[in-house]
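Hi,

Here is the structure I promised to pass on to you. Have it open while you read, and my notes on what turned up in it follow just below.

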Amino acid sequence: MPGYIEDRWLTKRKDPKTGKRKRTARYGKGKRYRVGGIPGVRDRSFNTHDDAKTWLTDSQTDSSRGTFTDPRDGSITMDEYVDEYWLPGRGGAAGSRKFTDARLNYIRDAFGAVPLNAITSAGIRKFIAYLTDTKQAALASSYGHTICSLLANILDIAVEDKRIPSNPARSSSVVFPSKKTKEKREAWSDAVVHRVRECIDGRHRIAVIIGVGCGLRQGEVFGLSVEDFDFDNLVVHVRRQVRIDNGAKRYFKLPKGEKTRVAKMPRSVAQEVRAYMREYPPTEVELPWGAEDATETQKHRLLLTTAAGKAINYKDWNSYVWKPALVAADVIPTPPPGTIRRRFPHSRKYGFHALRHTFASKVLHAGESIVTLAAWLGHDSPTITLEYYAHFIPDTGTKGMAAIDALLGIPGRRAPLVLILPTDSPAPIWKPPTDTKPQVKRLHGTAGRVSPLVTLPAGGSRESGPDVSQTDVSRETNRFNKAS
């Protein structure tokens, strides 16, 4: 294999007169042995020949396998690597980056000054214990899971960059905090929807109607234009949303997930939209496309705008339109006197997204499938929809329980079918052979009914005698007790 060890203190050839190797100009300066000549591996110097030989052997093997990682590349600290290499390649919207930075702060506090190649599985286990300890960080298990996943992602990329040979966060001894199932969403009652619709300002009432009638997100409602409505086929094309990041500048962007979709539009919604357009003609708005500082712009005749004809800033809309309507509808309490107008009680249960949850509940109760609802809502997978809205599916679980009840013969569910005999039937309806003893058992929940295996006397009443069913049960119970 290619590669060599060079002694930089003595010449390679011996002196012909003395038979000894001569000292070089570097004699006694720096590290003596240099390893070089290995393809894809930088030269490295060592103090002892044994260390140089070990490095040469290991480097040659790893280089031939394509798994070589130079320890010097892993000496960069976590903070340096994140700032110089990881963050610049990180995409996503400004809102997503904000949440990423919040999680990243925990990682920086624990490993920011630590070289990448010094981060160990033991250190990560200690970090996880800190996150979940109720006397320390005391984070929710699901949030701790996202922080650990972010740390593992950073180290995965460091492995790909050949900064470290393996990811200690992927060690079998490292167990992330549990990732809880996504919380179930709550839908509004019909009464709440009606009150909010009536209390909100007339110019903005259409947002409530489209939100609960089509299941669109708030930014998608604000981004709807005239050409997005297909009244003939009763569908609405969700092609853009109005976004706003840290500043106050609005811009157009593709809907969540960077994809468009087609949602159904009920006739009632279509009628409301037509009437709204007549009362409030759509206004053409030009905004940057894709980012607030983008040079590319797009113009659209937006359905919903401010009175000044501008795209809606959702933060202002929530504070000055939405929450006052919730107060007027007795959905949330009135802020105490003297508080700032924007300081309304915050609750996810009563955010605009609750209209989307209400739409989902109505659709599922009507019998639509999870797959159909996922397409209308724009979810990446029906699995997401199922996690959020499975509890809205009518009679969830009751059919399975009814089947078990029927199997075990428990009253209250569907009782086994039996033959009801007329009272004027002839006495000997059926008689078993003389050498066969019929198995007669009473059926649960069949008062007033009899088995076709019973012989009735004239007059239709059953012959008196011992309760055959109870006798059989007692006998089998005694056998079970003796066997036990």
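**Salt bridges first**

The count of salt bridges comes to 16. Keep in mind as you look around that this is a predicted model.

Let me start with the pair K349 and E186, whose side chains meet in a salt bridge at 3.4 Å from N to O. This one ties together distant parts of the chain, since the two residues are 163 residues apart. You'll find K349 in the loop between α10 and α11, while E186 sits in the loop between α5 and α6. K349 counts as partly exposed because its relative accessible area is 37%, and partly exposed covers the range between 20% and 50%. E186 is also partly exposed, at 45% relative accessibility.

Next, have a look at E220 and R217. Their closest N and O atoms are 2.8 Å apart, forming a salt bridge, and both E220 and R217 are buried.

A third pair is K253 and E258, with 2.4 Å from N to O. Here the two partners differ in cover: K253 is buried, with a relative accessible area of 13%, whereas E258 is partly exposed at 48%. There is also a network, in which E6, R34 and D43 are joined by salt bridges that share partners.

**A helix with a buried side**

Now find helix α4, which runs over residues 121-132. Its 12 residues reach 17 Å from the first C-alpha to the last, close to the expected 16 Å. Which residues of α4 are buried? They are S121, I124, F127, I128 and L131. These residues lie on the same side of α4, because they cover an arc of only 115 degrees around the axis.

**A nonpolar patch outside**

On the surface, M401, I404, L407 and L408 form a nonpolar patch, and together they have about 440 Å² of accessible area. L408 belongs to helix α14, residues 398-408. With a relative accessible area of 58%, L408 is exposed.

**The whole protein**

Stepping back, the protein has 15 helices and 12 strands. Of its 484 residues, 36% are buried. The protein exposes about 29000 Å², with carbon and sulfur atoms supplying 52% of that. As for contacts with a separation of 6 or more, 61% of them are between residues 24 or more positions apart.

Have fun exploring, and write back with any questions!

Conventions. Residues numbered from 1 in each chain as written. Predicted model: local features only at pLDDT ≥ 70, side-chain atom pairs only at ≥ 80, totals over all residues. Heavy atoms only, no water. Patch = residues over 30% accessible without salt bridge, like charges linked within 9 Å, V, L, I, M, F, W, Y side chains within 5 Å. Areas by Shrake-Rupley, 256 points an atom, 1.4 Å probe, with all protein chains shown as cover. Salt bridge = Lys/Arg side-chain N within 4 Å of Asp/Glu carboxyl O. Helix = DSSP H or I, 4+ residues; strand = E, 2+ residues; numbered from the N terminus. Buried < 20%, exposed > 50% of the residue type's maximum accessible area, 1.4 Å probe, protein only. Contact = heavy atoms within 4.5 Å. Expected span 1.5 Å × (residues − 1). Arc of directions from axis to C-beta.
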